[in-house]
Amino acid sequence: MDNDDAITRNNIAEAVYQKMQKKILDEEWPKGERLPSEFELSEMFSVSRTSIRSAVQKLRNLGLIYTKHGKGSFVSSEFDSFEMLYQNRPILHLTKKEFMDMMFFRQSVEFKCIELAVENATPEDILAIEDALNRMLVSKNDYKKYSQADLDFHMAIIHAAHNKVFSHIIKYIKEMYYFYLEELNRVLGITLESIDAHIKIFMAIKNHDIETAKQCLDKAMAENIVMINSLDNV
């Protein structure tokens, strides 16, 4: 077997894995349900059983499924969808609790970072925040591009705090933070209120107005919590 064949087979197995993972995370295959047989999966995705075995093994390694000898593979009831943020899933369906966990983390960290940014931001920091804000404004019809700019906006504020500990922590969870924002913007939509809140936060930092900046962030988060709690399928 030459290297090209190996690469092709790996790509097929990865594509099958992504499709199977999506069915699990979207609950098309609910927790506890038995997966189709190896033959059925091979027919379903029009690939070889070798590719199916490779995809199944990866799902098993991640704890998404488990196998009972002689009975087949089943969707695990133990995995936490929040942990799947690190598996490069384009859109992750978070539960209300998972939304709230991240919201509480943001409340713990970002309020202090905004306070420090108001005190410590350099002209270069202000320009970086403004650049991210401008990219948000021009991307408001594309939630993925908007979410990336949204992340850059908050990263720029945290950087402007000039606190090494906060900067280190946020770098460690940057990918998780991005997917949280992407899902938040996908589920709640990009509203005029959200855009207005970001503009007001930027202006408050630029004008060294700590109280207004914190009030704007607090109001925006409170509105997000109300909207999340109003959803039945999150």
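Modeller: A residue counts as exposed when its relative accessible area is over 50%, and as buried when that area is under 20%. Please keep in mind that the model we are reading here is predicted.

Colleague: With those cut-offs in hand, which residues of helix α7 are exposed?

Modeller: In α7, the exposed residues are K164, V165, H168, K171 and Y172, and they lie on the other side of the helix from its buried residues. The buried ones, in a helix that runs over residues 164-172, are F166, S167 and I170.

Colleague: Why do the buried residues line one face of α7?

Modeller: One looks down the axis of the helix; in α7 the buried residues then fall within an arc of 100°, and therefore they line one face. Among the elements that cover these buried residues are α4 (96-120), α6 and α8.

Colleague: And what caps the N-terminal end of α7?

Modeller: That is N163, which places a side-chain oxygen 3.0 Å from the backbone nitrogen of V165.

Colleague: Turning to the second largest pocket, how much space lies in it?

Modeller: The second largest pocket holds about 300 Å³ of space. It is lined by 20 residues, of which L184, S194, H198, A220 and N224 are the closest to its centre. Two or more lining residues come from each of α6 (143-160), α8 (174-188), α9 (192-206) and α10 (210-229), and α10 gives the most, with six residues.

Colleague: How many of the lining residues are nonpolar, polar and charged?

Modeller: For the second largest pocket, the lining divides into nine nonpolar, seven polar and four charged residues.

Methods. Residues numbered from 1 in each chain as written. Predicted model: local features only at pLDDT ≥ 70, side-chain atom pairs only at ≥ 80, totals over all residues. Heavy atoms only, no water. 1 Å grid on protein atoms, 1.4 Å probe; cavity = no way out; pocket = protein on both sides within 12 Å on 5 of 7 lines; lining within 4 Å. Points joined across faces, edges and corners; volume = space filled by probe spheres on them. Helix = DSSP H or I, 4+ residues; strand = E, 2+ residues; numbered from the N terminus. Nonpolar A, V, L, I, M, F, W, Y, C, P; charged D, E, K, R; others polar. Buried < 20%, exposed > 50% of the residue type's maximum accessible area, 1.4 Å probe, protein only. Arc of directions from axis to C-beta. Contact = heavy atoms within 4.5 Å. Polar contact = N/O pair within 3.5 Å; in protein donor to acceptor, adjacent residues only side chain to side chain.
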